[in-house]
Amino acid sequence: MRTYYWMVIPALALFLIFHTVPVLQGFYYSLTDSPGYGSYDFVGLKNYASLFADDRILDAYLFTFKFAVVATVATNALALAIALGLNARIHFRTALRGVFFIPNVLAILIIGYVFNYLFANSLPAIAQAAGIEALSTNILADPDLAWLGIVAVAVWQAAAFNIIIYLAGLQTISDDVREAATIDGAGSWRQFVSIVFPLIAPFFTINMVLSLKNFLQVFDHIVALTNGGPGTATTSVSLLIYSGGLEGGEYAYQTANAIIYFLVIVAVSVFQMRVLQRREMSA
Amino acid sequence: MKRIALLLAGALLLTACAAAQPRDTRVTLEFFQFKPEAVETFDKIIKDFEAAHPRVDVVQNHSPTAESAIRARLVKDDIPDVIALNGNSVFGELASAGVFYDFARAPIAADVSPSIQRILDDLGTHRPGERNGLPFASNGNGVIYNKDLFARHGLSPPTRWSEVVAAARRLGAAGVTPFYATLADAWTTLPAFNALAGNVPAPGFFARRTAGKTTFAAEYPQVAAKLRELFGYGQRDRFSRTYEDGNQAFAQGKAAMYLQGSFALPAIATYEPDFEIGTFALPATENPADTRLVSGVDVALTLPREPEHPEESMAFLAYLLRPEVMTAYAREQRAVPPVENPPSDDPALAGLMPYFAAGRLTGYADHHIPLTIPLDQLLQQFLIDGDQAALLRDLDREWDKVAARRS
């Protein structure tokens with residue numbers, strides 16, 4: 001019994017030192033007016049009071065949730081479709097699985113800058129040649145469309161990892177179940193709805209939770225593509241915390257924002273787990 | 001008890017110093033600077049300094065996002081030995097936080113023009129009367145223009161707002177892009193904004209705004225309208241072009257004018273333009289005598305509040321501030337030395353020098369706006385949607401919110 005504690009304690013210690021202590025430190029600073037360096041005073045809960053009266057914070061939350069929900073749904077729909085394809089008996093199956101995983105090993109910043117170039121130069125050139133007026137200018141320069149560009153890049157990159165999880169899930173389904181369904185006369189759609197999807201429900205849950213959590217923290221994509229612009233149209237909460245806290249000199253105020261956002265993400269994730277796990281059991 | 005503790009601390013400190021710096025060892029200074037285009041120039045200066053000070057090694061450290069980098073270093077209490085930063089509001093905020101040396105106690109830059117030193121001090125100091133930075137180079141924030149295109153279309157640098165508009169229209173009618181605009185980078189709205197904000201509203205606007213006696217809505221409509229008109233003469237894809245694109249395009253002669261400060265000249269020069277470049281101060285009114293050039297401290301030097309190697313750091317700083325070093329730097333980096341009656345034989349800056357000589361200078365208006373207000377993004381938004389009332393309302397609202405948070 002002792003030995004098991006010794007296996008757990010190092011990990012717990014690392015977690016406490018590198019995660020819990022900084023969070024508590026952040027909470028301490030959120031009660032001050034510190035710019036992150038130099039002298040500072042305690043201001044109590046004033047930062048938190050100001051947060052709720054700041055429409056820039058509210059705008060950032062609205063944008064981030066809109067982005068995260070759309071990107072999560074799109075990523076999982078795309079990943080599940082591709083995973084089904086890659087699980088079927090097709091030619092070059094192993095090679096294709098490798099190809100579809102590549103976006104996951106590329107750094108988001110690099111992908112972002114490549115797509116930034118594509119959106120600024122290639123896509124308008126193609127659209128102009130094809131006579132598509134709506135895409136003939138850089139969509140990242142349009143406050144109403146820029147977020148869709150970010151969604152496209154985020155989905156393209158994030159689908160890779162979700163595909164792997166879904167593939168792993170699909171391989172847990174034994175062939176006899178499918179054979180039985182085929183003999184009973186179920187078509188492939190019917191099989192997917194009644195057999196395959198319920199059996200990979202735990203994988204769906206984990207993908208949905210992780211995707212939403214990751215997209216709520218969206219940062220790199222936006223830095224590389226729009227830096228929060230045009231105007232402030234694509235400023236996510238993480239970006240606002242960074243730019244207001246480190247570039248804008250309001251470290252304490254944005255730390256308070258970060259604390260609130262941490263609680264929001266925890267609440268959303270717990271809620272999502274509860275709902276999806278209940279669905280797993282009833283299915 | 002207290003005395004014993006002090007003594008003990010002193011003894012510890014002495015032994016620590018003795019251990020860390022035995023005599024005759026080399027001292028390595030970290031020189032943190034923010035201008036990627038000036039790396040080679042500083043390397044040369046450092047080489048000359050090291051030749052005269054064999055005991056000191058200076059290591060240059062530059063970062064493309066220097067302001068975030070220096071903040072991160074400050075948070076970690078790991079401050080470079082000698083620091084060169086742009087004299088902007090970040091500098092002011094850092095100085096106000098009390099992380100920089102107070103040069104009022106140790107004046108080493110006697111030659112610097114008092115009016116330029118004041119521009120730097122006005123950004124903010126830790127306590128009133130302190131001097132937390134020393135100007136090393138000044139810039140001029142006007143309009144860069146293509147002399148060949150101007151000559152070909154019979155234009156001379158405008159001295160009235162109406163002449164700016166007339167020149168832009170004539171160029172546009174002749175099929176020449178009047179201004180190359182790079183609005184994908186929100187900050188590139190600022191040079192033009194500063195030229196207008198420094199000349200159109202009555203002086204002292206920000207003091208009155210802080211006192212609650214005026215608003216942006218009351219005094220900035222003309223600034224916004226003229227800003228929008230200027231960028232309206234930009235090229236079609238102005239919202240998807242970046243600063244780097246603009247430097248290259250202007251160097252290729254794709255537009256007659258470029259709304260940028262003198263700090264863009266070295267970057268443009270790297271694309272080897274085959275025409276002569278000129279500059280003029282943007283006239284914002286109909287009275288040429290009213291036009292003042294927006295100028296700021298392009299490079300400000302400073303030390304940490306408590307330098308680790310005070311003697312060596314100060315020696316390097318004093319070397320940088322020698323008139324011949326400042327002049328040599330200014331020549332290579334197309335800057336203006338921050339001295340009285342600055343010498344400059346740079347033809348590209350000739351259009352701005354009379355303003356320096358006559359002291360017709362004004363600071364950057366955006367340095368008075370708290371950094372946490374996304375001024376550049378609000379301006380970018382305004383140039384996209386043209387909603388002037390929304391811009392002025394947002395500026396006022398953000399200003400009031402920040403004032404309430406910080407009161």
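**Exercise 1. Identify the residue of E2(B) that is the bridge partner of B:Leu29, and place the pair in its fold unit.**

Solution. Step 1: the bridge partner of B:Leu29 in E2(B) is B:Val58; strands here are DSSP runs (E, at least two residues), helices are runs of H or I with at least four, and both are numbered from the N terminus. The model is predicted, with local features requiring pLDDT of at least 70 and side-chain atom pairs pLDDT 80 or more, while totals for chains, interfaces and linings use all residues. Residues are numbered from 1 along each chain as its sequence is written, chains are lettered from A and ligands numbered from 1 in the order in which they are written, and side-chain values use heavy atoms, leaving out hydrogens and water.

Step 2: strand E1 (residues 27-33) and strand E2 (residues 56-62) of chain B pair in the parallel sense over seven bridges; pairing requires that DSSP finds at least two bridges between two strands.

Step 3: together with helix H2 (residues 39-52) of chain B, E1(B) and E2(B) make a right-handed β-α-β unit. Right-handed denotes that, with the strands pointing away from the viewer, the path from the first strand over the helix to the second runs clockwise.

**Exercise 2. State which strands stand at the edges of the open sheet E6-E5-E7 of chain B.**

Solution. Step 1: this open sheet has three strands in the order E6-E5-E7, with antiparallel pairing.

Step 2: strand E6 (257-258) and strand E7 (277-280) of chain B each have a single partner strand, so one side of each is left without a neighbour in the sheet. These two are the edge strands.

Step 3: strand E5 (residues 143-146) of chain B is joined to E7(B) by four bridges. Within E7(B), B:Thr279 is the bridge partner of B:Ile144.

**Exercise 3. Describe the interface between chain B and chain A by residues and buried area.**

Solution. Step 1: 29 residues of chain B and 31 residues of chain A take part in the contact, defined by heavy atoms within 4.5 Å.

Step 2: the buried area is about 2400 Å², 44% of it from carbon and sulfur atoms; buried area is the accessible area (1.4 Å probe) that two parts lose on being put together, summed over both. In chain B, B:Arg71, B:Gln377 and B:Arg405 lose the most area to chain A, together 24% of what that side buries.

**Exercise 4. Determine how many salt bridges join chain B and chain A, and locate A:Asp54 among the pairs.**

Solution. Step 1: the count between the two chains is six, a salt bridge being a side-chain nitrogen of Lys or Arg within 4 Å of a carboxyl oxygen of Asp or Glu.

Step 2: A:Asp54 forms a salt bridge with B:Arg405, the closest N and O atoms being 3.1 Å apart. The side chain of A:Asp54 also meets that of B:Lys401 in a salt bridge (2.6 Å, N to O).

Step 3: B:Lys401 lies in helix H18 of chain B and A:Asp54 in the loop between helix H2 (46-52) and helix H3 (55-87) of chain A, so the pair joins two chains.
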